[in-house]
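Open the model in your viewer and set it to cartoon. Keep the selection tool at hand for the stops below.

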Amino acid sequence: MRPKIVLASGSPRRRELLAGLGIPFEVKTSQVDETFDPSCPPSAVAEELAHRKAKDVARQLDAALVIGADTIVVCDGEILGKPRDEQEAVQMLSKLQGRAHQVYTGIALVEVADGQVVRERVSHRMTHVWMRSLSDEKISWYVNSKEPLDKAGAYGIQGLGACLIDKIDGCYFNVVGLSLVELDQMFQDMGYSLVP
């Protein structure tokens, strides 16, 4: 029997993805420090941040299977997090436009029983994304929509940002913020079924 599932993320996009599977889950946001060593490989950064979030929430529970996730955007080896303000959003979009970049989402599963961590799994997915060439006017329009301000790399592929993306190679849901195929495999590896 699968334990209670808890999503350690306040992201509405991740909530929507899980809800779309029709499985019951609770949301409990983590309050962890999200700073990282920029010299670490992007895959390690995404996995570490996801693991921190899942562990933080797991410490507060008696019995659950906690899902932590973190998404980062990488361009020319530079990790782009969420923009601090509109000016930084413009800078990020100007850097990404007209070229390819990579999106990494780390996923962590932490299983808790009787208030103790009994098992953990950490993984990630990477998707190549090509953003179309953008005029200054298009960038201003998008930043003025406020959509980029809470998203890694200053865009959301599932919203207005869909107009900015030319093509992707890899898992679409990974770019949204949670690779469902990777999550399903991780559940399976732990002996559980994510979906019936």
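This tour of a predicted model goes from strands to a helix, then on to single residues.

**Stop 1: the strands**

Select β5, residues 100-113. How many of its residues are buried? The count is 12 of 14, so the strand is mostly covered.

Now add β3, residues 64-75. β3 and β5 pair in the antiparallel sense, over 11 bridges. Then add β6, residues 116-131. β6 also runs antiparallel to β5, and 14 bridges join the two.

Pick V103 in β5 and look to either strand. V73 stands opposite V103. In β6, the bridge partner of V103 is T127.

Next, go to the hairpin of β5 and β6, where 2 residues lie between the strands. Select D114 there: its phi is positive, near 50°.

**Stop 2: helix α4**

Select residues 136-144, which form helix α4. Which of its residues are buried? They are I139, Y142 and V143. These three cover an arc of only 95° around the axis, which puts them on the same side of α4. An α-helix has 3.6 residues a turn, so residues three or four places apart point the same way.

Show α3 as well, residues 86-96. The buried residues of α4 pack against α3. Turn to the other side of α4 and select E137 and N144; both are exposed.

Move past the end of the helix to K146. K146 follows α4 and has a positive phi, near 75°.

**Stop 3: E147**

Select E147, in the loop between α4 and β7 (165-169). E147 is buried, yet it has no salt bridge. Where is the nearest side chain of opposite charge? K151 provides it, 5.3 Å away. That is beyond the 4 Å cut-off for a salt bridge.

Now show the backbone of L160. The L160 backbone nitrogen lies 2.9 Å from a polar atom of the E147 side chain. Display the other contacts too. Neighbours within four places in sequence aside, E147 touches Y142, G156, G159, L160 and G161. Y142 is one of the buried residues of α4.

**Stop 4: Q91**

Go back to α3 and select Q91. Is Q91 buried, exposed or partly exposed? Its relative accessibility is 47%, so Q91 counts as partly exposed. Draw a C-alpha to C-alpha distance from Q91 to A154. The two are 63 residues apart in sequence and 9.2 Å apart in space.

**Stop 5: the loop between β2 and α2**

Select S30, in the loop between β2 (26-27) and α2 (42-58). S30 has a relative accessible area of 16%, so it is buried; the cut-off for buried is under 20%. Which residues does S30 touch? Not counting residues up to four places away in sequence, they are A8, K53, D56 and V57.

Stay in this loop and select D33. Show the side chain of T35 next. The side chains of D33 and T35 make a polar contact at 2.8 Å. Leaving out neighbours within four places in sequence, D33 is in contact with L49 and R52.

For a last distance, draw a line from D33 to H128. The pair is 95 residues apart in sequence, and the C-alpha atoms are 27 Å apart in space.

How values were computed. Residues numbered from 1 in each chain as written. Predicted model: local features only at pLDDT ≥ 70, side-chain atom pairs only at ≥ 80, totals over all residues. Heavy atoms only, no water. Buried < 20%, exposed > 50% of the residue type's maximum accessible area, 1.4 Å probe, protein only. Helix = DSSP H or I, 4+ residues; strand = E, 2+ residues; numbered from the N terminus. Arc of directions from axis to C-beta. Contact = heavy atoms within 4.5 Å. Pairing = 2+ DSSP bridges. Lys, Arg positive; Asp, Glu negative; His and termini not counted. Polar contact = N/O pair within 3.5 Å; in protein donor to acceptor, adjacent residues only side chain to side chain.
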